[in-house]
Amino acid sequence: MTYLLHQNILQQAERAPHHVAFRCGREQYTYGELAHKMQQLTAALQDQGVERGDRVGIFLHRCIETALAIYGILHTGAVYVPIDPSLPEERVRFLIQDCDIQILISHPSQARRLRGIVEGEEKLLAIIGLEKNWTIPTIGWEAVWQYLPAAAPRQLETDLAYILYTSGSTGLPKGVMHTHYSGLCYARLTAQLWELQPTDIIGNHAPIFFDISTLGYFTGPFVGATTIISSDAHVMLPTSLAKLIEQEEVTIWYSVPLALIQILQSGTLPQLDWSALRWLIYAGEPFPPGQLRALMELIPNTRVSNAYGPTETNQCTYYHLPTPPLEDTPVPIGYLWDNTEMLILNDEDGQVSTGEMGELLIRSGTMMKGYWNNPERTQQSFYQHNSASGLRHTFYRTGDLVQLDEHGLLHLLGRKDRQIKTRGYRVELDEVEVAILTHPQVKEVAVFANVSGKDESKVLVAAISWEAELPIPELKTFLRKKLPVYAIPVEWINYPELPRTPNGKIDRKLLREVALYK
Amino acid sequence: MDIKDTLIQFIQNDLIDDDQPISSNEDLLTTGLIDSVRVMQLVNFVGETFTIEIAPEDMIIDNFISVDAISAYVASKKS
């Protein structure tokens, strides 16, 4: 009986030790090799004082060592915390402090970034994965291979396994806590949903700090398949990424839509052979129907699924597209999968009637335990429901607005925080943005709500960049023909260009913060 | 200035936020040294500076993985 994530590696090592578990570029681990190395890493971690329940940071780019770091930490009874190496130093420090991380697993190529972090950070005790003359001990991989394999401590499935930080639209990042139990629930459900086999080759695109990586990193070993870890180079060059899928004969691909849209736009897909690809799964964002249609027409023998779920629940719904999208309406998020139930609630936390829009709440085996070190946010995000038996059931508030149609299909309508109440009226912020963008002199706009005044009422604020600047009163006159008066932003802030996040999205959080300080 | 020097100077001054010099055979892409936004800036720089048209089929790892690789690619397009 498997109840811990790393038991999958040990079991596959016995069943098929020479089968490739993970490959990245020219480097790979078979299940036998990974089982052995993860036990050696356990010995090295224990030598550094790592105990059951400790949080160990993984400071790695996309590379083969990510698989070893994850399973080595899990096998030691500790909790892995992936840290995006491209984060600004102070954000890295926040994660290290918030989680009380004393050990990092990293790689020589990260030396540039680590140096600054190590110098200013007293909490860190050691780094495994590179050798430097720094103020704290550094243990290279060669030294790790000198250790004898160590046994795992006694653990329960409900013990913490990993913490993923999400940024959210307001405040500091929150650490989503997942257990071996929630990780394995996910592995079982995905293995069943897409009928994964040991012969499958799973294409992984996501870095390990995004939960989309759990298909390749958890479900792969659960069934004994091979996971191909796309390198950062592949992710940046879509032509190379498309070639990788052909070369490795990927059978299951899972990524955000952007990766596939970039491949489509490179125009190189028609010359490639993706015939091994039996499922293409996307998640994280809606896939524009026109582009999805264009992609599906190029790969008619591949089935396509939309997977939906916040990091707090990993995944909760799926939709297998029966055909390429017939219209340009958004693809449904589909049906709840097993071991999951939902509530759709209105603003007063009452259940909506069928077909009515409301907030989606999820209770499932794959849901998080809570936010690390943040009992207030955890409590705010959970909803206690009185079940028929009288027991209270905990649901997670996704903050997403959905609608259940007459066929039992769920449709994603938007974020709850993109729909606000101002002066007693309900306003869809996205609609306001669309209206403003219809003016030819507007280049970009982001609309959000800030609280204002003693009564804490919400006012609409617009951050705007111009092709050719127009006085705001004139823009408002234009908007009065398109929007109700209460939906026209009250405050306007000019920007030469709207600031962007590392993902290339408009940095709405920064815009709100700037507006608040004005 | 030869192709490699031009490239190293651009990467050092405009793309990487670091004093440590990069070598001509250093891996620019696999370890996230240069991110996706900067990769496009690099590709555009190469196209404009050496007056070559870089087709999507040529935007592959082999051609951009290092200063040496870019230099070889530029030379092949010029000949």
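Helices (H or I, at least four residues) and strands (E, at least two) are DSSP runs, numbered from the N terminus. The model described here is predicted, so local features need pLDDT of at least 70 and side-chain atom pairs count only at pLDDT 80 or more, while totals for chains, interfaces and linings use all residues. Residues are numbered from 1 along each chain as its sequence is written, and chains are lettered from A and ligands numbered from 1 in the order in which they are written.

**Helix H7 of chain A**

Helix H7 (residues 180-193) of chain A has 14 residues and an expected span of 20 Å at 1.5 Å a residue, which agrees with the 20 Å between its end C-alpha atoms; the expected span is 1.5 Å times one less than the number of residues. Among the buried residues of H7(A) are A:Leu184, A:Cys185 and A:Leu189, where buried means that 20 or more other C-beta atoms, placed from the backbone, lie within 10 Å of the residue's own, exposed means 12 or fewer, and partly exposed lies in between. The cover over these buried residues includes strand S8 (160-166), strand S9 (174-179) and helix H8 (214-223) of chain A.

The axes of H7(A) and H8(A), which are lines fitted to C-alpha atoms over the stretch in contact, with angles from 0 to 180 degrees between N-to-C directions, come within 9 Å and cross at roughly 75 degrees. H7(A) is therefore roughly perpendicular to H8(A), a word used for angles of 65 to 115 degrees. Residues are in contact if their C-beta atoms, placed from the backbone, lie within 7 Å, and on the H7(A) side A:Gly183, A:Tyr186, A:Ala187, A:Thr190 and A:Ala191 meet residues of H8(A) that include A:Phe218 and A:Phe222. The residues of this contact divide into seven nonpolar, four polar and no charged; Ala, Val, Leu, Ile, Met, Phe, Trp, Tyr, Cys and Pro count as nonpolar, Asp, Glu, Lys and Arg as charged, and the others, Gly among them, as polar.

**Positive phi in two loops**

Most residues other than glycine have a negative phi. The table lists two residues with a positive value.

| Residue | Phi | Loop | C-beta atoms within 10 Å |
|---|---|---|---|
| A:Glu195 | near 50 degrees | between H7 and strand S10 (201-204) of chain A | 11, exposed |
| B:Thr51 | about 45 degrees | between helix H2 (36-49) and helix H3 (61-64) of chain B | 10, exposed |

**Where chain A touches chain B**

The contact takes 16 residues from chain A and 15 residues from chain B. On the side of chain A, helix H9 (232-236) and helix H10 (238-247) each supply at least two residues, and the largest share, four residues, comes from H9(A).

Conventions. Two residues are in contact if their C-beta atoms, placed from the backbone, lie within 7 Å. Angles under 35 degrees count as roughly parallel, over 145 as roughly antiparallel, 65 to 115 as roughly perpendicular and the rest as oblique.
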